[in-house]
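I opened this model to look up one charged residue, the nonpolar core and the largest pocket, and I note here what I found.

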Amino acid sequence: MGSHDVQRHRASKKELDDIRALVARDLADAKVAGLSADRRFATAYNAALLAANMAIACAGYRVTAKTGHHKISFDSIELALGTGADKYADYFDTCRRKRNMIDYTRSHVATDTEAKEIVEKATEFYELVETWIDSRFPNLKR
């Protein structure tokens, strides 16, 4: 990581509550019937990215990289949350590459099964982040 990819940051309750509203919106939108698997996948991915950024903010940092910020965010969650987060970091990094194709190069990339799986994983991960916040930062709880 470059010296300007991550900066010190102090999270506020309002900041986290604003992000919580975005996560809730994205998780709900990712479950909308009739939406393409690609869009459900990308929307659930965004919810996971936001949850990662919540954890990073609580740990005292903000990812400021202009290039590769999604990768840096997912690479950083294990540092923030501990070794229990490594399975999510690996999973969402794989999803990151698929989401890039969905948003920038092709359609019909994700299957319905993959879309359903990432919604489940993003929801699990978000709950992990909130439980971690509850235990370490009571003043930032939902």
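The entries below go from a single side chain to the core and then to the pocket.

I am working with a predicted model, in which local features need pLDDT of at least 70 and side-chain atom pairs count only at pLDDT 80 or more, while totals for chains, interfaces and linings use all residues. Residues are numbered from 1 along each chain as its sequence is written, and side-chain values use heavy atoms, with hydrogens and water left out.

Entry 1, R40. I located R40 in helix α2 (residues 37–58), helices being DSSP runs of H or I with at least four residues and strands runs of E with at least two, numbered from the N terminus. R40 is buried, with a relative accessible area of 14%, where buried means under 20%, exposed over 50% and partly exposed in between, for a 1.4 Å probe and protein chains only. Leaving out residues up to four places away in sequence, I find R40 touching A30, V32, L35, D112 and A115, contact meaning heavy atoms within 4.5 Å.

Entry 2, the core. The largest nonpolar core has 44 residues, and F125 is among those with the most contacts inside it; such a core is a set of buried Ala, Val, Leu, Ile, Met, Phe, Trp, Tyr and Cys residues joined through side-chain atoms within 4.5 Å. Helix α2 gives the most to this core, with 15 residues. Beyond four places in sequence, F125 touches A48, A51, A52, I77, L81, Y88 and F92.

Entry 3, the pocket. I noted that its largest share of lining, 4 residues, comes from α2 (a pocket is an open set of 1 Å grid points where a 1.4 Å probe fits, with protein on both sides within 12 Å along at least five of seven lines; lining residues have an atom within 4 Å of a point).
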